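Colleague: I am new to reading protein models. Could you take me through one, feature by feature?

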Amino acid sequence: MTQVRMAEKILVTGGAGYIGSHCVLELVEAGYIPVVIDNFHNAIQGADALPESLQRVQEIVGKKILFQELDILDEAALRELFQKHHFSAVMHFAGLKAVGESVQKPLEYYKVNLTGTIRLLETMKAHGVRDIVFSSSATVYGDPAYLPLDENHPVGGCTNPYGKSKYFIEEMIRDLCKAEMDWNAILLRYFNPIGAHESGRIGEDPQGIPNNLMPYVAQVAVGRREYLSVFGDDYKTADGTGVRDYIHVVDLAKGHIAALKKLKENCGCKIYNLGTGSGYSVLQMIKAMEKASGREIKYKITARREGDVAACYADPTLAEQELGWKAAFGLDKMCEDLWRWQVQNPTGFTNN
């Protein structure tokens, strides 16, 4: 008889957000039991005290999702949670993530991102949980010294408190793994996640004016905004606009499942880029979205935005070699899935 393994419980912090909710879905599909915590800072309340995003994940997978409203700064609540559940690993997404806002409110970003992570790590340690997948960002590379960016590219030259907070957390986790050999951590440096689950039921739902290009482009296409401002067309790139590595959020989520499996090898601290290796310019992205939506997307060229780099794209080879993971979806699929989400949910998770 084949041995049935007990389904592992994975704690997912910030699991109601854009990337978190897509990872929760993939966890369930891969046979894990996700236990999700979120403080609703970036999530819409749905029925049954569940975030709307997870309500919809439940519909898609046909299974109940375990959820608790909890802030990672709340030590007592974290302790209680770890006493209640036996987690085999933690996926840590919770944190503040708007670059511009981080420049305005640095202390808040350091408090939530750094102190929150320290409390999480301390609670893990106290309860014998030693495996973590951390949601980091390509922003830790700062202005690229060379392209494509591999994991050995220097880090820490970050231009904003958000990026610095990701870099500091990476350093904290690396130091912890050095000091205590029984810890395993995988730091995933995301490039630019876009798109949505192909059901069109979950996706990115920015509150207020989107900070990221593609949700903004999609909102222009659907008629929610008049035009897109393109920040600078005098960069040293093919068409003068900024070039980024866009990755389908479902590919990104699958990368997290691959990372969880890697932790089982007692891998210590490992770092991987999650990107496609292809860079696309702002104008190319507008064209691709026009193709997916069949609509014209109006834009105006405006001044460069402070802290923006000309081009940034990944060398994703290491993740393929060591995790057996590779992005499968191309630009057309990213835009088609984003457009389906946008059309079905013109105002995101709130239906006003």
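**Helices, sheets and loops**

Modeller: Start with one pair of helices: helix 5 passes helix 6 in a right-handed crossing. Keep in mind that this is a predicted model.

Colleague: How do I describe such a pair?

Modeller: Two packed helices are described by the angle between their axes and the distance between the axes. Here the axes of helix 5 (residues 106–126) and helix 6 come within 9 Å and cross at roughly 20°. Angles under 35 degrees count as roughly parallel. Helix 5 and helix 6 are therefore roughly parallel to each other.

Colleague: Which residues of helix 5 and helix 6 meet?

Modeller: From helix 5 come Pro106, Tyr109, Tyr110, Asn113, Leu114, Thr117, Ile118 and Leu121. From helix 6 come Pro161, Tyr162, Lys164, Ser165, Phe168, Ile169, Met172, Ile173 and Leu176. The residues of this contact divide into 13 nonpolar, three polar and one charged.

Colleague: At what angle do helix 1 and helix 8 pack?

Modeller: Helix 1 (residues 18–29) and helix 8 (residues 249–263) pack at about 60°, with their axes 9 Å apart. That makes helix 1 oblique to helix 8. The crossing is right-handed. On the helix 1 side, the contact includes Tyr18, His22 and Leu27. On the helix 8 side, Val249, Lys254 and Leu260 are among the residues. The contact divides into 10 nonpolar, two polar and two charged residues.

Colleague: Now the strands. In what order do the seven strands of the open sheet lie?

Modeller: Read across the sheet: the order is 3-2-1-4-5-6-11, and the pairing is parallel. Then look for the edges. They are strand 3 (66–69) and strand 11 (269–274), each pairing on one side only. Neighbouring strands are turned by 20° against each other on average, direction ignored.

Colleague: How many bridges join strand 6 to strand 11?

Modeller: Six bridges join strand 6 (residues 184–190) to strand 11, and the two run parallel. Take one residue: Leu187 has Ile271 in strand 11 as its bridge partner. Helix 8 comes back here, for helix 8 packs on the sheet. Helix 8 touches strand 1 (9–13), strand 4 (89–92), strand 5 (131–137), strand 6 and strand 11. The direction of helix 8 makes about 160° with that of strand 6.

Colleague: What is the order of the open sheet of three strands?

Modeller: That order is 12-9-14, with mixed pairing. Its edge strands are strand 12 (280–281) and strand 14 (311–312). Two bridges join strand 9 (residues 243–244) to strand 14, and these strands run parallel. Arg244 has Cys312 in strand 14 as its bridge partner.

Colleague: And the loops? Where is Pro148 found?

Modeller: Pro148 sits in the loop between strand 5 and helix 6 (161–179). Check the peptide bond before it: from Leu147 to Pro148 the bond is cis, with omega near -5°. Another loop, between strand 2 (33–38) and helix 2 (52–61), holds Asp48. Phi of Asp48 is near 55°, a positive value in a residue other than glycine.

Colleague: Last, the whole chain. How many helices and strands does the protein chain have?

Modeller: The protein chain has 11 helices and 14 strands. Along its principal axes the C-alpha trace spans about 55 × 45 × 45 Å. To judge the overall fold, compare the radius of gyration with that of a compact globule. With 352 residues, such a globule would have a radius of gyration near 20 Å; the protein chain has 20 Å, which agrees.

Note on methods. Residues are numbered from 1 along each chain as its sequence is written. This is a predicted model: local features need pLDDT of at least 70, side-chain atom pairs count only at pLDDT 80 or more; totals for chains, interfaces and linings use all residues. Side-chain values use heavy atoms; hydrogens and water are left out. Axes are lines fitted to C-alpha atoms, for helices over the stretch in contact, and angles run from 0 to 180 degrees between N-to-C directions. Helices (H or I, at least four residues) and strands (E, at least two) are DSSP runs, numbered from the N terminus. Angles under 35 degrees count as roughly parallel, over 145 as roughly antiparallel, 65 to 115 as roughly perpendicular and the rest as oblique. A crossing is left-handed if the near helix is turned anticlockwise from the far one by less than a right angle, and right-handed if clockwise. Contact means heavy atoms within 4.5 Å. Ala, Val, Leu, Ile, Met, Phe, Trp, Tyr, Cys and Pro count as nonpolar, Asp, Glu, Lys and Arg as charged, and the others, Gly among them, as polar. Two strands pair if DSSP finds at least two bridges between them. The radius of gyration is taken over C-alpha atoms; the globule rule is 2.2 Å times the number of residues to the power 0.38.
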